[in-house]
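Here are my notes on the model you sent round, set out as numbered points. Please read them with the structure open beside you.

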Amino acid sequence: MSDDLKKAAAEAALALVQPGMRLGLGTGSTAKHFVDGLGAKVAAGLDVLCVATSEATQAQALGLGIPMSTLDETPELDLTIDGADEIDGALRLIKGGGAALLREKIVAAASQRMVVIADAGKQVATLGRFPLPIEVVPFGLEATRRATAAAIAAAGASGDLVLRKRPDGSTLLTDGGHFILDAHLGSIANPERLAALLNQVPGVVESGLFIGLATAAFVAGPAGVQVYGDVAAKRG
């Protein structure tokens with residue numbers, strides 16, 4: 001059922017795509033449905049140029065014949081469509097479950113609009129139930145972990161910081177060659193303050209808190225797809 005809802009949200013967002021657009025393509029199970037749908041439209045003659053947020057999405061898009069670029073070649077995008085691990089009523093997000101948070105944030109920030117696609121299970125009243133991914137450089141990991149824990153405490157939150165591993169037990173490496181610390185916080189009362197404090201920690205590359213980036217969201221539930229925000233609004 002959840003996969004059907006993800007597909008419904010992705011298909012609804014396809015209606016935003018217009019010929020000639022420069023698109024950012026997200027990463028994850030819901031974004032994968034969007035890329036599949038976009039590939040079908042490209043095969044039918046749609047003219048777009050896209051930038052991927054991960055190596056996995058890049059490979060999927062190329063396999064579908066979608067014209068791809070990079071942010072060096074195409075530094076300004078019209079629209080990014082991406083999923084989320086959590087989304088609250090203010091369109092604040094937690095992302096990074098797929099370990100692509102850094103590239104996802106860079107692409108979203110280069111876009112005039114970021115529209116989120118998700119199933120209703122991703123909606124929360126307060127962010128934090130999903131562990132917050134924090135991307136860090138491998139050098140000085142323990143020092144960075146301690147400073148990160150202190151920043152979390154200063155923001156009024158607490159919880160375990162767990163180094164993300166692969167199924168075989170090895171440390172996960174992001175596409176950028178970094179590690180991920182997952183912060184199991186349960187609740188984040190002040191996401192803006194936490195994001196600001198984490199950004200001050202040397203060794204932290206980026207956090208999975210996406211604040212002020214999403215302009216709208218398509219959220220699919222049993223009653224259909226609900227639209228939140230303004231799908232036509234461009235970020236200031």
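1. Leu77 stands opposite Ser111 in β6, a pairing that belongs to the junction of β3 and β6, where five bridges join two strands that run parallel. Please keep in mind throughout that this is a predicted model. On its other partner strand, β6 pairs with β12, again in the parallel sense and over five bridges, and here Val115 is the residue that stands opposite Ala216 in β12. As for its surroundings, β6 is mostly covered, since eight of its nine residues are buried; buried here stands for a relative accessible area under 20%.

2. These strands belong to an open sheet of six, in the order β2-β1-β3-β6-β12-β13, and the pairing within it is mixed. Its edges are formed by β2 and β13 (residues 224-229), each of which pairs on one side only. From one strand to its neighbour the turn is 20 degrees on average, with direction ignored. At the β13 end, six bridges join β12 to β13, and these two strands run antiparallel; within this pairing, Ala220 has Val225 of β13 as its bridge partner.

3. Which residues of the largest nonpolar core touch the most other members? They are Leu23, Leu25, Phe34, Leu38 and Val48, out of 28 residues in that core. At least two core residues come from each of α1 (2-13), β1 (22-25), α2 (29-43), β2 (49-52), β3 (77-82), β6 (111-119) and β12 (216-221), so that both helices and strands contribute to the core. Taking Val48 by itself, and leaving aside residues up to four places away in sequence, its contacts are Val17, Gln18, Met21, Leu23, Leu38, Val42 and Pro67. Another core, of 23 residues, lies apart from this one and includes Ile152, Ala155, Ile188 and Leu197.

4. Two helix pairs involving α2 deserve a look. The axes of α1 and α2 come within 8 Å and cross at roughly 50 degrees, and the two helices are therefore oblique to each other; their crossing is right-handed. On the α1 side the contact is made by Asp3, Lys6, Lys7, Ala10 and Ala13, and on the α2 side by Ser29, Thr30, His33 and Phe34.

5. With helix α3 (residues 55-63), the axis of α2 comes within 9 Å and the crossing is at roughly 20 degrees, which makes α2 roughly parallel to α3. This crossing, too, is right-handed. The residues that meet are Lys32, Val35 and Asp36 in α2 and Thr57, Gln60 and Ala61 in α3.

6. A separate point concerns the open sheet of four strands, whose order is β8-β9-β7-β10 and whose pairing is antiparallel. Because β8 (160-163) and β10 (204-207) stand at the edges with a single partner strand each, one side of each is left without a neighbour in the sheet. Neighbouring strands here are turned against each other by 30 degrees on average, direction ignored. Between β7 (residues 132-136) and β10 there are three bridges, in the antiparallel sense, and Glu135 stands opposite Glu206 in β10.

7. Helix α5 (residues 141-154) lies across β7, β8, β9 (179-184) and β10, and runs at about 150 degrees to β8. The same helix also packs with α6 (residues 191-199), at an angle of about 155 degrees and with the axes 9 Å apart, which makes α5 roughly antiparallel to α6. Their crossing is right-handed. Thr148, Ala151, Ile152 and Ala154 are the α5 residues in this contact, and they meet Arg193, Leu194, Leu197 and Leu198 in α6.

8. Finally, is Gly212 buried or exposed? With a relative accessible area of 52%, Gly212 is exposed, because the cut-off for that class is over 50%. Gly212 is placed in the loop between β11 (209-210) and β12. Measuring from C-alpha to C-alpha in the model, Gly212 and Thr74 are 22 Å apart in space, while in sequence they are 138 residues apart.

Conventions
Residues numbered from 1 in each chain as written. Predicted model: local features only at pLDDT ≥ 70, side-chain atom pairs only at ≥ 80, totals over all residues. Heavy atoms only, no water. Pairing = 2+ DSSP bridges. Axes fitted to C-alpha atoms, helices over the stretch in contact; angles between N-to-C directions. Contact = heavy atoms within 4.5 Å. Core = buried A, V, L, I, M, F, W, Y, C linked by side-chain atoms within 4.5 Å. Buried < 20%, exposed > 50% of the residue type's maximum accessible area, 1.4 Å probe, protein only. Parallel < 35°, antiparallel > 145°, perpendicular 65-115°, else oblique. Left-handed = near helix turned anticlockwise from the far one by under 90°.
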